[in-house]
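User: I'm new to this one and would like to go through it piece by piece. Can we begin with the rings?

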Amino acid sequence: MTSENLQGAVRKLMTLDGNSVRNATSKMDLAPRIEGGLAYATDQRHLPGLLHGAILRSTCAHALITRVDTSRALNMPGVHAVIKADDVPGLNRFGIVIRDQPVFCDDRVRYEGDAIAAVAADTPEQARAALDAIEVDYQPLPVVSDASLAEQQTAIHSSHEEHGGSNLLVRETLECGDIDDALSRCTVIAEHHYQTPRQMHVFMETEGGVAIPDGKGGVLFRVGCQSGHRDVEQLADILGVAREKVAVESMATGGAFGGKDELTVQPAAGLLALKTGRPVMIHLDRFESCRAGIKRHPVSVKMTTGCDAAGRLLAHKVEAVLDTGAYASLGPAVLENYLDHATAPLYRIEAYRVSGRLVYTNNGVCGAFRGFGGNQATFAVESQLDELARGLGIEPATLRRINLRSPGDAGSRNQTVRWTAPPADVLAAAVASPLWSRGDTDNGRWLTGTGMAMGAQGNGLGDGLPDSGGGRISLSPAGRICVEFGFTDYGQNIVESITRSVCNGVGCREADVEVVLGSSRGPDSGPTSASRSTVLVHGVLASILPRWMDAVRGHAARVSGQPEKGLEFGPGGIFSDGRQVLSYRELAESTNPGGMTANASQDFPVAPDSEHPVGRYLQLQIATVARVEVDRITGRVRVTDLHHVTAAGPVIYPPGYLGQIEGAAVMGQGMTLTEDMTAHEGRYQADNLDQYLIPTFHDAPLQRVDVLDNTPEDDPYPVRGVGELGIEAVAPAITAAIEAATGVRVRRLPVDPGDLLVAMAAQEQNL
Amino acid sequence: MHPESPRQAVSFAKRFRSPYIAGGTWLQPSCERDRQWPVQLVALNPDWPEFRGIRETEEGLSIGALTTLDELARHPLMALYLPQLNGLIKRVAGPGVRHLGTVGGNLFAGGDLSALALALDTEVDLVGSKGSNRRPLTRWLPDRQGGDLLRSVSLPDSRGWRVSLEKLGYRERFSPTRATVACVHDGEKVQLAVCGEGGPGRLTVTEAMLRDEGIRELTDLAIVVDSELETLGWHDTRLRLAVRRMLESGLMELTRDV
Ligand SMILES: Cc1cc2nc3c(=O)[nH]c(=O)nc-3n(C[C@H](O)[C@H](O)[C@H](O)COP(=O)(O)OP(=O)(O)OC[C@H]3O[C@@H](n4cnc5c(N)ncnc54)[C@H](O)[C@@H]3O)c2cc1C
């Protein structure tokens, strides 16, 4: 790294420490959050006439259903309704990308947990007792459990024309240049297999909510979800009613991370509500959530990467298999994002062929999860770079520096990219991390090591998916500036960042702003996913606020008789010469309800001039430096420090930024060290959080988050979303650190302490 | 069922084939997992004589089976007799479980305390329908029956003994036990025990070898430990390697400065 380079980086580098966070933390929303006082969907047990629903789930991973008899259950105490496949008035299928998942299985179950029937009863206990009384006869079928062999086995969706005959759901290849020629010119080639786990989201609030019938054939859903508007479409089709008849309010949701993007309890709750004419709540317990909930796609990949003697990357070949489980959910989109990240977007590579296959198996269902396939790819890509650096005998950072793209360069898919900082500056800041100066030590028992990895991430839904969203601003009758978006607040505290943006734009106080989220009757902002909300909020506010403020100012001039030119927005109302002339309340009272309203929507920015829209236009970067300790006696790994250098545009709300990066990183640490929902013959091997082990506070490392913002002044979308960035490079940084400590490279996650110990022991013997 | 006396508890347990419940921290998740709740549970009462608390005896210490893990960790007598225990207990479950969970429940379930208790030659005091009987833990643990009611455990006077305890989990805290290893040196001989994924057990063959060959001649230790662990039911070779190294490290700690 040149010193100018470092200077350039350091000029705009700041650390988000406790002070910057404390000073920026508003008291507004924190207490109810910490005390569990927010009104969650699953708290609504006070609704008059509420019934409790429960879902009967398959006990077989793959079987034909030969009989379902609900007659006994119907006569159980407290039971009001029992429904199954033939009770679905509309489409007995759902799925965001492909509607291949039955609400209730009719002829076949495809995973252990597939829904077969549902019950509504006076109490949850009665509902569960009735489930036990439903008789189901199965005729077991061979279980497709190994994703790599799935295509050779009989298709589990053979009845579907669109993928009849094969368990291959999607195959996709991205290509650039002549891979064979490039490979033939490589001086060093690394070829390795990598495996990443089936991770579970482990949100605090398990899937749940209530469906409330309106007595006129419609249903209001109050549920934990991520995309109320999209859910309305699917639910109306299932219930067999017009879309106007269905509304979704995603109130505060107790965590989602992608796991509530797909429909969860809504179809069964909605059908039961229509059938009984009473509100029905379904709330999965942790066992059911583990068994039936969506997971992260496990990926098995072979990567062949080569460079010339000067370290220039020439060739990169990828063959990946993603296990989507029994149904597609968002799998095709995850595959697409995986492949994009597998092209190594930060680096110039002469030729690549990156292909992936998404296959059906009977191993549960996988779908959206923070990182969305990208972090699985980055783990393998960054590990490959370390292998090449070792092959060449140079520092891993040097190899990266040789190959990093520069601002102005196109992206790996030849798309235009809006960079937030030169990638070399991000690398330079990571190389300057104080964690390196502590050195790799050996105190006899604990071996310490430091490693680093980089990652890139694009905001937005990705290639070819319709991606737009809108918002609304108005003056409420109570005189508050009411801002509405369709997004859900599931802990990321988007309310706070919207409030901040409005206060900054308008010049008012936090108390003047009211944020309303998550109603499908409000503006459609698109899903709360893909790190897209912050970008859209900023874009919509940038377009809406000036217009709305002009209109309000004009109205204020008419009401107050003051010249419009001298009127300014301020805390509590409109000011002229530093004196308040009208409060917002007086303003609201002087107009018809809904009179001062402005709407705006925009398409999510994608790379212009590409033949097909390429999503990775708004690029973010991260470099994570990890420091670990490895126990020589047991092979156990402790992550003691993580230092992230992030380049994701300006920070709007420091606590939110820090929370997202640190939280995502700990999630990445879990996937690296302990988390894996393994399946044996289609049966998950863990069923609760005493078996599926996420990091505890004692496992969480010390973290430092630096922000490097060199976003060009003329960037029209300077504000980016950081919901997923923090997870991107954690796994390869930790495995690099483990290698620095022990000399052993781990390519299969989560790191198995037993395997690591055996490898360390073998090395000791060779010494 | 709330029996009036320990003897009545034993007879209820036998007659109704119902389990005893102490803190319930092991029973509750087990029943939830299997979705099978016993029709009746026999509640144990900490007010029954000798069932709760820690007291000095002529031989050493007597610990009531219904003493909670928290009480055990905080008790001044434990700090005197077994100062090493506190570090281990911090790594047993979480605060909520330690607040309710009992010594008896932990031993019955083969929990983390069992390695230490085995290595210390602990004796168990059992209530029978006809009277009490006292047995070495090493004999009771392998074939304990559901109807056995544990009143208390007796520990030898371990003041001045060298004790090394180590738990291997999957994560720093609140982790299921992969392996817990206890090494005890009473001034004359070494006593070793394990518990965890392969089950609780005393390593008597290894102890004999150490007795015969001395603590500093550990050349064949690896082979002996490995085969003894396998015989006890520890089938994962990688975990055996870790346990072997934990034992070696424990022994080093015991013999340091001796
Ligand atoms: C989340 C979680 C984490 C845990 N982590 C650990 C851990 O890290 N290490 C560990 O060792 N354990 C762990 N446990 C297991 C266990 O709960 C504790 O070890 C606890 O000590 C058990 O005691 P209890 O009184 O709650 O037992 P109970 O649940 O009441 O009973 C357990 C069993 O022992 C029997 N029993 C109880 N008392 C007696 C008695 N006096 N005589 C005869 N039989 C009796 C019961 O019938 C039952 O079969 C964990 C449990 C949970 C829920």
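Analyst: The structure, a predicted model, holds nine aromatic pairs over all chains. Rings of Phe, Tyr and Trp (its six-membered ring) pair if their centres lie within 6.5 Å; planes under 30 degrees apart count as stacked, over 60 as edge-to-face and the rest as tilted.

User: What kind of pair do A:Y194 and A:F379 make?

Analyst: Their ring centres are 5.8 Å apart and the planes stand at 85°, so this pair is edge-to-face. A:Y194 belongs to strand β9 (residues 188–196) of chain A and A:F379 to helix α11 (residues 374–392) of chain A, so the pair ties together parts that are 185 residues apart in sequence. Helices (H or I, at least four residues) and strands (E, at least two) are DSSP runs, numbered from the N terminus.

User: Before we go on, how are the numbering and the cut-offs set?

Analyst: Residues are numbered from 1 along each chain as its sequence is written, and chains are lettered from A and ligands numbered from 1 in the order in which they are written. As the model is predicted, local features need pLDDT of at least 70 and side-chain atom pairs count only at pLDDT 80 or more, while totals for chains, interfaces and linings use all residues; side-chain values use heavy atoms, with hydrogens and water left out.

User: How many salt bridges over all chains?

Analyst: There are 71 over all chains, a salt bridge being a side-chain nitrogen of Lys or Arg within 4 Å of a carboxyl oxygen of Asp or Glu. One of them joins A:R72 and A:E135, with the closest N and O atoms 3.4 Å apart. A:R72 sits in helix α4 (residues 71–74) of chain A and A:E135 in strand β7 (residues 135–140) of chain A, so the pair ties together parts that are 63 residues apart in sequence.

User: And how many between chain B and chain A?

Analyst: Nine. In one of the salt bridges, the side chains of A:R445 and B:E166 meet at 2.5 Å, N to O. On the side of chain B that touches chain A, the elements giving two or more residues are α2 (27–34), β8 (162–169) and α12 (237–255) of chain B. α12(B) gives the most, six residues. By class, that side has seven nonpolar, two polar and eleven charged residues; Ala, Val, Leu, Ile, Met, Phe, Trp, Tyr, Cys and Pro count as nonpolar, Asp, Glu, Lys and Arg as charged, and the others, Gly among them, as polar.

User: How much area is buried between chain B and chain A?

Analyst: About 2,200 Å², with carbon and sulfur atoms giving 52% of it. Buried area is the accessible area (1.4 Å probe) that two parts lose on being put together, summed over both. In chain B, the residues that lose the most area to chain A are B:R33, B:R171 and B:R245, together 32% of what that side buries.

User: Now inside chain A: what do domain 3 and domain 4 bury between them?

Analyst: About 980 Å², 61% of it on carbon and sulfur atoms. A:I652, A:Y653 and A:V719 supply 51% of the area that domain 3 of chain A buries against domain 4 of chain A, more than any other three residues. The number of salt bridges between these two domains is zero. Domain bounds come from an automatic or database domain assignment.

User: Anything unusual in the backbone?

Analyst: Most residues other than glycine have a negative phi, and most peptide bonds are trans. The bond from A:L749 to A:P750 is cis, with omega near -5°, and A:P750 lies in the loop between α19 (730–742) and α20 (753–766) of chain A.
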